[in-house]
Amino acid sequence: MKRNKRFTFTLTAAVLGLSMSMSMGAAAAGAGNQQTQGQAQKVEKVVVTDPTAITKLNSTSVPSLIVEAEKRYFYAMGGGKGSTEVFEINGQQYRYLSDDIGTRAKLMDYLKQAYTEKAAAYFVDKYFISHGGRLAQLNADTGNILEFGKATAKMLSMTPTQRVYKLCVPYPEHLQGPEYITVKFEKVGDHWRVGTAPHAVF
């Protein structure tokens, strides 16, 4: 009987030891998985020196491209640089764009540094006319107080050549809640461009 008791005790101890070892192993594996998942969730910060030449698009590089796109949109909507000539058509006053963007080809080249050709063309055809061989627009100013330079971006979908992000854009001094704007991006050659028409974003 004593031998049986000793055998039973030894077997029980072995089973308990194996069970504890398996539990500790599972816990360690779980911790390892959590650590791996945490590392996978970290977003690589992309340092942008030229927003017109972004080759890697993620939530850290999207704002730089958006700010560049905003700058080009408002430059075009403001008529470019310098004094402008005005004229009237059917009682409406128009102004010519400055020479650097004064033709459709020049304006398209300027916009395509930040936008896809399709997005730029949709914008140009909607807001500009050709008059006397020069590009012109209604003589009116436009603006936006949203702070796109402080925007954050969350990816909604992705393929190797197309991405969709939701922007969270604050107002100055948080005068009211932020605006949420969904923007498409496309890879043109080696570089990323905004695939949503500028007037739909800004």
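Contact here means heavy atoms within 4.5 Å. The legends below describe a predicted model.

**Figure 1. Overview of the chain and its elements.**
The protein has five helices and eight strands. Along the sequence these follow the pattern α-α-β-β-α-α-β-β-β-β-β-β-α. Of the 202 residues in the protein, 33% are buried. Among contacts between residues at least 6 apart in sequence, 53% join residues at least 24 apart.

**Figure 2. Close-up of T116, in the loop between α3 and α4.**
T116 has a relative accessible area of 5% and is buried. Not counting residues up to four places away in sequence, T116 touches E186, V188, R193, V194 and G195. K187 is 71 residues from T116 along the chain, and the C-alpha atoms of these two residues are separated by 8.5 Å.

**Figure 3. The largest nonpolar core.**
This core holds 39 residues, of which I66, L107, Y115, F128 and F185 touch the most other members. The elements that give two or more residues to the core are the helices α2 (62-77), α3 (104-111) and α4 (117-127), together with the strands β6 (162-169), β7 (179-188) and β8 (191-194). Helix α2 supplies the largest share, seven residues.

**Figure 4. Close-up of Y115, a member of the largest nonpolar core.**
Leaving out residues up to four places away in sequence, Y115 touches A69, E70, Y73, A120, R193, V194, T196, P198 and F202. One of these, Y73, is shown in Figure 7.

**Figure 5. The contact of α2 with α3.**
The axes of the two helices, α2 and α3, come within 10 Å and cross at roughly 160°. Angles over 145 degrees count as roughly antiparallel, and α2 and α3 are therefore roughly antiparallel to each other. In this contact, K71, R72, Y75 and A76 of α2 meet L107, Y110 and L111 of α3. By class, the residues of the contact divide into five nonpolar, no polar and two charged.

**Figure 6. Close-up of R72 in helix α2.**
R72 is one of the α2 residues that meet α3. Its relative accessible area is 10%, and R72 is buried, because the term covers residues under 20%. A polar atom of the R72 side chain lies 2.8 Å from the backbone oxygen of Y110. Apart from neighbours within four places in sequence, R72 is in contact with T52, Y110, L111, Q113 and A114.

**Figure 7. Close-up of Y73 in helix α2.**
Y73 counts as buried, at 5% relative accessibility. Neighbours within four places in sequence aside, Y73 is in contact with Y115, F123, P198, H199 and F202. The C-alpha atoms of Y73 and A114 are separated by 9.4 Å, and the two residues are 41 residues apart along the chain.

**Figure 8. The buried residues of α4.**
In helix α4, the buried residues are A119, A120, A121, F123 and V124. These residues pack against α2, α3, β8 and α5 (198-201). Two of the buried residues also appear in earlier views: A120 is touched by Y115, and F123 is in contact with Y73.

Key:
Residues are numbered from 1 along each chain as its sequence is written. This is a predicted model: local features need pLDDT of at least 70, side-chain atom pairs count only at pLDDT 80 or more; totals for chains, interfaces and linings use all residues. Side-chain values use heavy atoms; hydrogens and water are left out. A nonpolar core is a set of buried Ala, Val, Leu, Ile, Met, Phe, Trp, Tyr and Cys residues joined through side-chain atoms within 4.5 Å. Buried means under 20% relative accessible area, exposed over 50%, partly exposed in between (1.4 Å probe, protein chains only). Helices (H or I, at least four residues) and strands (E, at least two) are DSSP runs, numbered from the N terminus. Axes are lines fitted to C-alpha atoms, for helices over the stretch in contact, and angles run from 0 to 180 degrees between N-to-C directions. Angles under 35 degrees count as roughly parallel, over 145 as roughly antiparallel, 65 to 115 as roughly perpendicular and the rest as oblique. Ala, Val, Leu, Ile, Met, Phe, Trp, Tyr, Cys and Pro count as nonpolar, Asp, Glu, Lys and Arg as charged, and the others, Gly among them, as polar. A polar contact is a pair of N or O atoms within 3.5 Å; within protein, one must be able to donate a hydrogen and the other to accept it, and residues adjacent in sequence count only if both atoms are side-chain atoms.
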